[in-house]
Amino acid sequence: MRQKIVGIFPIFNAIRGCFPNYKIWQAKSRILVLGLILICGLSLPSHAQYENKKDFNISTQALSTALLSFGEQADLSLLVRKQDTDGKISPPLKGYMYPRAALKILLKDSALGFKYIDQKTISVSPDLYESHSVDQATQDEAAVLQEEAANRTDSDYRAPIDEVVVTSLRRRSNMQKVPVAVSVIKPPLIREARIHDIEDVGTRVPGLTVASFSIGQPTIHVRGVGSNDDGAALDNSIVMFVDDVYVGRISAISMNFFDLEQIEIMRGPQGTLYGKNAIGGAINVTSKNPTEHLSGEIEATVGNYGRFDARGVISGPLMTDKILGRLAFHSRKRDGWQESIFLPGVKQNDENTWSTRGKLLFALSDRLQVDINGDFSRDDLESTGRIPVVGRVSVRLLGSDGLPTGQKVLPTEIFRDLGGSVKNAINSDRGFTNRTIWGLSSRISRQSDLGRFLSITAYRNTDFTWLEDSTGLPSSVTDQKVNSNVDEKHSQFSQEFRWISPGEARLKYVLGFYYLFEHTHRIENFVFPTLVSTTDQDNKTNSLAAFGEVTYDLTQKFSFTIGARLTHETKKMDQQNITNGDKTILLEDFALRNEGDWTDFSPNVVVSWQQADDIMWYASISRGYKSGGFQGAPAIFDLADRTIDPESVWNYEVGLKSQWLDDRLRLNLVAFHSDYRDLQVVQFKTEGNFGVFQTSNAASASLEGLEMEFTLKPFSGLEFFGSYAYLDASYDEFNDLSGRDFTGNTLRQAPRHSLYLALYYERPFYKGRLRFRADYRYQGESFREPDNSVTIQPGFDLVDASVAYESADNAWEATLWAKNLLDKEYISHLYVLGGNDYALFGTPRTYGLTLTLNF
């Protein structure tokens, strides 16, 4: 939506312009070819005109809200004073017509007229009334158009693709005008596809893969770049922001998604505006704001495996025009789909999550607004039975007396002989996950003629405890097994100041200052049948940054952007190892203090060219940075005393954002090449039946690929959309701490191909609307270790579907849904331990019925 109602919602025109013919120097020949294909093969003539017909459907309502709807449906900005619309009611409007004719109908009998200021902006004022009163010809035309609309069939009814507004550049802009590779997931898809966490997002975004060792230890990779070291002093490569607040710790990222306005996923380095560690990308989660009128929702879901979910929202004014409030809660509960032969009655891989979110909005004046946000969530989960899937190293067997028999067999043979299966694990130790996350934030916005000043203050806290049988083997059969137990507490305080220039200026800029303090205390116990060894890390991080980005419109079509971020960070960590006589994963006892500091300057340059109103080209060069630190769970003093260097990347990108067929086809393409230095790589090096953790810096790595996203809306009610990603990610030079050479191998969690296809269809049915949605997701084969000869995760594909009926007055709806409709058996996470591969399998087919009441 690009609309600005002065005094109500100041949302200015999206950034426009782009600069052509920008050549990415020194990139490999393949990426140049891809860029040339984009430029030469797809630069077709545009059908854009000064004013195109649009589909309008606006009911009788307050004129101010009708004009908001008009701006959204017409893709135009309106300038109108609030007092000019007070107390006025609009007539109904429905039909396929020019915006000029539609606006004449809406303003009938309002004593308001209008004129175009430019191609995308209209001024509405009483002073213009005489020149644009509604004549009889316009009324006759409107009657004909609305009668045609009522009789039109779906095949005749052309409807444009909905505009998507993003905040990727820290200001509200049309996604198609933003020179960034960004994907957006909106509420209808979040709700109907039952997207509840980051894993549900992973297979729906090009280049994004998510695999979780546990809910508190997800491995999130974008374009093959991610982080696997969960030590207290190392950071993620993909950052998450919730309502503009940085979520720093890996144990807090996989949170419950509910009551959201949208999820934005930015691919590639985003360091200038999103800070340290956004070297691979950034995920921006925005919750819904309070409404000006009392409204709410109540929702309940029942399904197989004993599922019962509940959700509720209430929103509205607490003090007219001064204080608005919103409160939402979400509960998900489902029995586990996996049993264990040795734990009768225990249902593993369950769901048991409770979350709430509240928001207060204080309108202290026309130019000063304060938001107060709070959220809380609690997870209480059962075991996640691990399955041995590849056996290479035998383990010793125990007799009935609990003593070794002298025999050895592979873990996979034990699993087979005991009658194990994906839904019947053989672990004998019961695990658990308990996690509590809460946060508070304030957002102060002060608008002036020179721009907007924004202050964001936040505090977040996470308490995570976890126990799991890492080998999934029974203690009565072998004693060569280990349980992992984590007790982690994390807190953070952040303060950000931003100055954002007015949106309509030729020169646009964002300037800011950022401070972050993090405290992470992580205790990890390795529980063996007779002994427990412990690694304890307590880290404190202070990070300061100044940043800015400036965009100048050289002409109406060409824009140039330059930005940079200067970051200084310090880390101080106390750590110790206590082996208790066990020399298996932790080999030495020690205690020491680590200290480190790093300074980084990361620039970016973007040129963009608005070839036509619906075609934009852009090229960018950006540097990304991930902070240094200290290894998690070091086996010996020498590993603990080492400093892990920061990693950096130069990313070269060329992209096309376009809409065709009268805005019924959206096609976005991007080609990229990335040169990484000192890539941080964690390995679990096999030694005997266990091994040791080693984190080191790969000398260099190269990534290149092509990403495509599309949306096709051939006629009203039918929509096809999806994405495809091709990725080639390999180490240019990498010799690990043991001297093993992995040069030329593929990076971990970097599938060469990934595909997402979806269908949405809506039509009138029995005094309401019937909606059908289906999607197909494919993720190709990937490697889990730098050694590509072992621990290979097979590719998989999934199908989801839903059918919903919504009443004509939007008062209620019912949805039948199914996830993993074809009941595919697939590995969601794979890891190596003691030379053998162990897997977590994805959830089998689940289905249910969701009932929603709106008021």
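Select Phe213, Trp466, Tyr831 and Tyr838 to start: in this predicted model, these four residues form one aromatic cluster. Keep Phe213 on screen and add Arg386, which lies over the face of the Phe213 ring, 4.7 Å from its centre. For another arrangement of this kind, bring up Arg223 and Phe672; here Arg223 lies over the ring face at 3.9 Å from the centre.

**Next stop: an aromatic pair**

How many aromatic pairs does a search of the whole structure find? The count is 22. One to look at is Phe721 with Tyr756: the ring centres are 6.2 Å apart and the planes meet at 70 degrees, and because an angle over 60 degrees counts as edge-to-face, that is the label for this pair. Now colour strand 39 (residues 718-733), which holds Phe721, and strand 40 (residues 753-765), which holds Tyr756; the pair therefore ties together parts that are 35 residues apart in sequence. Are these two rings buried or exposed? Phe721 is buried, with a relative accessible area of 12%, and Tyr756 is buried too, at 3%.

**Into the nonpolar cores**

Select Ile414, Val482, Phe526, Ile585 and Phe841 next. These are the residues with the most contacts inside the largest nonpolar core, which has 32 residues. To see where the core draws its members from, show strand 25 (395-398), helix 10 (411-417), strand 29 (451-469), strand 46 (827-833) and strand 47 (836-841), each of which supplies at least two of its residues. A separate core of 30 residues lies apart from this one, and includes Ile185, Ala252, Ile253 and Ile265. As background, nonpolar side chains in soluble globular proteins tend to be buried together.

Now centre on Phe841. Setting aside neighbours within four places in sequence, Phe841 is in contact with Trp337, Ile387, Val389 and Val422, and also with Glu825, Tyr826, Ile827 and Ser828.

**Last stop: helix 2**

Finish with residues 63-74, which make up helix 2. This helix has 12 residues and reaches 16 Å from its first C-alpha to its last, close to the 16 Å expected at 1.5 Å a residue. Show the side chains of Leu63, Ser64, Ala66, Leu67, Leu68, Phe70, Gly71 and Ala74, where a backbone atom display will help with the glycine: these residues of helix 2 are buried. What do the buried residues of helix 2 pack against? Their partners are strand 1 (54-58), strand 2 (61-62), strand 3 (77-79), helix 3 (82-85), strand 4 (89-90) and helix 4 (99-106). Step one residue past the helix to reach Asp75, whose phi is positive, near 60 degrees.

Notes. Residues are numbered from 1 along each chain as its sequence is written. This is a predicted model: local features need pLDDT of at least 70, side-chain atom pairs count only at pLDDT 80 or more; totals for chains, interfaces and linings use all residues. Side-chain values use heavy atoms; hydrogens and water are left out. A nonpolar core is a set of buried Ala, Val, Leu, Ile, Met, Phe, Trp, Tyr and Cys residues joined through side-chain atoms within 4.5 Å. Buried means under 20% relative accessible area, exposed over 50%, partly exposed in between (1.4 Å probe, protein chains only). Helices (H or I, at least four residues) and strands (E, at least two) are DSSP runs, numbered from the N terminus. Contact means heavy atoms within 4.5 Å. The expected span of a helix is 1.5 Å times one less than its number of residues. Rings of Phe, Tyr and Trp (its six-membered ring) pair if their centres lie within 6.5 Å; planes under 30 degrees apart count as stacked, over 60 as edge-to-face and the rest as tilted. A charge sits over a ring if NZ of Lys or CZ of Arg is within 6 Å of the ring centre and within 35 degrees of the ring normal.
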